[in-house]
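Here is a short note to read with the structure open beside you. Take the points in order and find each residue as it comes up.

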Amino acid sequence: MARPSRPSARINGLKAMPGLVARLRDLGWEVGQVPWCGEGFFVTAGPGAVALGQTRPHLTGEIYGQEPTSMLPAEALRLAVQRSGPAPPAGWRVLDLCASPGSKATQLGAWLDGAGLLLANEPDGPRADVLRANLLRAGITNALVTRSDGRAAGELAPESFDAVLVDAPCSAVGNVRKHPEVLDRWCTPGYVEQLRMQEELQWQLLQSGWRALRPGGCLVYSTCTLNTRENEAQCQRLLATEGSARVVDLPALFGFPCEGMGGEGFLRIWPQMFDTEGFFVSCFRKEPERPLAAPNVGGGAAASGPPPRPGLQPLASAAAAALRQEVKEFFGIWPAGSGSLAKSEDGELWVLAAVGAGLWQLAALAREPGVRVGSGGRGRPSDELLLLAGERARKISPNMKDEDWLSAYARVGGGLGALSLQIEFCASRGDVVQAEELLDGILRRRLEPNSVCYNALMKAHAHRGAAPGVQRVLSRMRRRGLEPDVVSYSTLIDAYAAGGNTSGARQVFDEMQRQSVQPNIVCCNTLIKAHCQAGDALGAERALGDLQLRRLEPTLVSYTTLVDAHARAGDMVAARRTLEELQQQRLQPNLVSYNALMKAHGRSGDAAAARGVLAELRGAGLEPSIVSYNTLVDAHAQVRDARGAEAAFEAMREQQLRPNVVSHNALMKAHCRAGDVPAASRVLQQLQHCGLRPNVRSYTVLIAAHAQRADVAGAQNTLEAMRLEGLAPDAVCLDTLLSAHTAGGDAEGAERVLADMRRQRLEPRASTLARLERLSADRDGRAAPASRFASRK
């Protein structure tokens, strides 16, 4: 309960490019197989890993973040249908009756691989937009999104589908690890009546799906709850009502043991079984009353074509052929499984979905008749085609930044999810201003931001170590009627941790418990990190001990963070002791653990011992990562050994590891500490020539070097160069600039920097502020009052 479930993702076979797993590892993610889905993987974040939703493979549709148990329904349907016989010439017709946001629909679309038709239904308009955007990003061209009440599908298209998925809305008790608040609903007045109404809706959807299923076809009914009334009871009701319904034995189909997983051929996954969320899955075959004719006759694009859709005119064959050729050359693809081309009254060009006989009445409920290609007057490429193509659009993709892919997804209809992810991108850069503007834009569109949006904005403030900013967002969130969750409080703790404010972090930790929000292992590890950042190794030790009192098992992250705390203090003995304790708990040190140990040696001024840890981790069967070498470069930088740093940098290249921005920053730091600012500047240029973009830290290192030399002009010019790169200075950067001005005796300039910081609600370090107080006092020829530049927080 208190430990979050393991994150996971599914590889999209329609778009996955060679070397995908290796690229994910380069981004800091380790992968492990999900036992029931060949394309499914558990993912574990390494140090400095890019958030999975912000990785390029996710943004371009090569992977889809999906719970492992959520992969079961579509996989069960695929296995059951394939066991029933070969696919008809026109391909399978599949109906996903409750499809948004699209995790299972995109999984079904990948199975169909451009053949047949996937009809994905979602009655809610904004959710249907998100569903369609996800299908496009997944590269699924043979899909149509309808916006109808799923209870009517069986009447509109009776016995028309080979496979039907009814992933019904439910009480979501299986998601208790991710959303503990679901248990509180049982205490809510009127909840039992709400549940009864929901059960009736589930039954009506199940009946509708069954009517839409052809004889010989298969239907999967699933929920993410563990309530028998919403699961087995509904299945028994179907078997009692429909004489043609036959249970497909799912434990046998998947090769699972029946014990503890539910009986009667159904699957019931409890969270503790596989360290996942809970789920229920059942599968039925519709037994034909008479010998079957060839299934799905007339499926796909019927020879006679569908009835004309109002407002659409077929495109002339010559124009259609020219457009196909142009799209193939520009995007590298043409939508597979698609039908004819048409032009709308407003000049939009469409590739129509190939809808066969029997489905026209249901398909007419789709707002979009297919894939939007562009406008008749040409102009900018279609975002929909761009999302479909992803990295296959070789003429465009190399010039696309991650933010560009996300913007295209948002324009197509990615909804609040896309907008919150855009805020997350701003958060990763510490760009509070842009993050705030995005949230205001959501409100201007009369959308209601959810907790994910506010949590993303909090992360933007936390990235800059601005705990007061996080507090303001938290208050704003409450005013909108949203209660902070464990992510909200963890983010605030992280903000205090970034500033080394253990007292503030502890107060938040206590406050969340008073608000009945129980800390999970991630939250507790963040508290350990707060002590680590403050250089309080003893406090980190106590926080680790508190885990056992809360009946939480310390994880590898817990111990590794403690190793890092001792590393920051330069306490090699304690760092080594913690590593041994980790092993005594039957946890295997990973690269992060050894890298923390290397850092400890570096902080203690022993670069040779840091090199020894590199050999030690190899002896443990691990290969040094780019982080390992970056740590070694930094160890040499700590002792002003620029030559040793250069050697470690070259060793990284010899191991076929491409130095990243952090590598170059560490090398710049080594030259700066050795007093060679021109050499550091050359490393910055080298970084840019490698196609990398300097970050705020890159420029802060140079500003610090100028500050050491009291070179105010050099520091200020470096800041301007950073701003020209579109980078916003953070608190550390501006504090360093303030130090340069004070070191150069420029009191007026220092006061301007301080005013700029406070406009951004940032505060310098107390030591920097004290130097400014002394400088101003000297300038004025009198003692400055101690409160003159005091914090205004």
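1. Start where two domains meet. In this predicted model, 18 residues of domain 2 are in contact with 19 residues of domain 3. The C-alpha centres of domain 2 and domain 3 lie 28 Å apart. The chain is divided into domain 1 (8-66), domain 2 (72-184 + 196-286) and domain 3 (336-352 + 363-413). Domain 2 and domain 3 are thus each written as two stretches of sequence.

2. Next, the area of that interface. The size of an interface is often given as the accessible area lost when the parts come together. Between domain 2 and domain 3, about 1700 Å² is buried. Carbon and sulfur atoms give 58% of that area. Which residues of domain 2 lose the most area to domain 3? They are Arg132, Leu136 and Thr141, and together they make up 34% of what the domain 2 side buries.

3. Now look at charges across the interface. Four salt bridges are counted between domain 2 and domain 3. Arg132 deserves a second look. Its side chain meets that of Glu384 in a salt bridge, at 2.8 Å from N to O. Arg132 and Glu384 also belong to a network of salt bridges. The other members of the network are Asp129, Arg147, Glu348, Arg367, Glu368 and Arg372.

4. Step back to the whole structure. How many salt bridges does a search of it find? The total is 42. One of them joins the side chains of Arg23 and Glu62, at 2.8 Å from N to O. Arg23 lies in helix α1 (residues 20-26), and Glu62 in the loop between α2 (56-59) and β4 (63-65), so this salt bridge ties together parts that are 39 residues apart in sequence. Are the two partners buried or exposed? Arg23 is partly exposed, with a relative accessible area of 28%. Glu62 is buried, at 1% relative accessibility.

5. Compare a second salt bridge, further along the chain. The side chains of Glu448 and Arg480 meet at 3.1 Å, N to O. Glu448 sits in the loop between α16 (432-444) and α17 (451-463), while Arg480 sits in the loop between α18 (467-479) and α19 (486-498), so the pair connects parts 32 residues apart in sequence. Glu448 is partly exposed, with a relative accessible area of 44%. Arg480 is also partly exposed, at 39%.

6. A third salt bridge has two buried partners. Arg758 and Glu763 meet through their side chains at 2.9 Å, N to O. The relative accessible area of Arg758 is 14%, so Arg758 counts as buried. For Glu763 the value is 19%. The cut-off matters here: buried means under 20%. Glu763 is therefore buried as well.

7. Turn to the aromatic rings. A pair of aromatic rings is described by the distance of the centres and the angle of the planes. The structure holds seven aromatic pairs. Trp36 and Phe274 form an edge-to-face pair, 5.0 Å centre to centre with 80° between the planes. Trp36 is in the loop between β2 (29-33) and β3 (40-45), and Phe274 is in helix α10 (residues 271-274), 238 residues apart. Trp36 is buried, with a relative accessible area of 4%. Phe274 is partly exposed, at 25%.

8. Another pair has another angle. The ring centres of Phe266 and Phe284 are 6.2 Å apart and the planes are at 55°, so this pair is tilted. Phe266 lies in the loop between α9 (250-254) and β11 (267-269), and Phe284 in strand β12 (residues 279-286), 18 residues apart. Both Phe266 and Phe284 are buried. Return also to Trp36 and Phe274: they form one aromatic cluster with Phe254 and Phe256.

9. Charges also sit over rings. The charged end of Arg6 sits over the ring of Phe42, 3.6 Å from its centre. The charged end of Arg137 sits over the ring of Tyr409, 3.8 Å from its centre.

10. Finish with one helix residue. Thr578 lies in helix α24 (residues 572-584). Thr578 counts as buried, at 1% relative accessibility. What is Thr578 in contact with, leaving aside its neighbours within four places in sequence? The contacts are Glu541, Tyr559, Leu562, Val563 and His566.

Notes
Residues numbered from 1 in each chain as written. Predicted model: local features only at pLDDT ≥ 70, side-chain atom pairs only at ≥ 80, totals over all residues. Heavy atoms only, no water. Helix = DSSP H or I, 4+ residues; strand = E, 2+ residues; numbered from the N terminus. Buried < 20%, exposed > 50% of the residue type's maximum accessible area, 1.4 Å probe, protein only. Phe/Tyr/Trp six-rings, centres within 6.5 Å; stacked < 30°, edge-to-face > 60°. Lys NZ or Arg CZ within 6 Å of the ring centre and 35° of its normal. Domains from an automatic or database assignment. Contact = heavy atoms within 4.5 Å. Buried area = accessible area lost by both parts, 1.4 Å probe.
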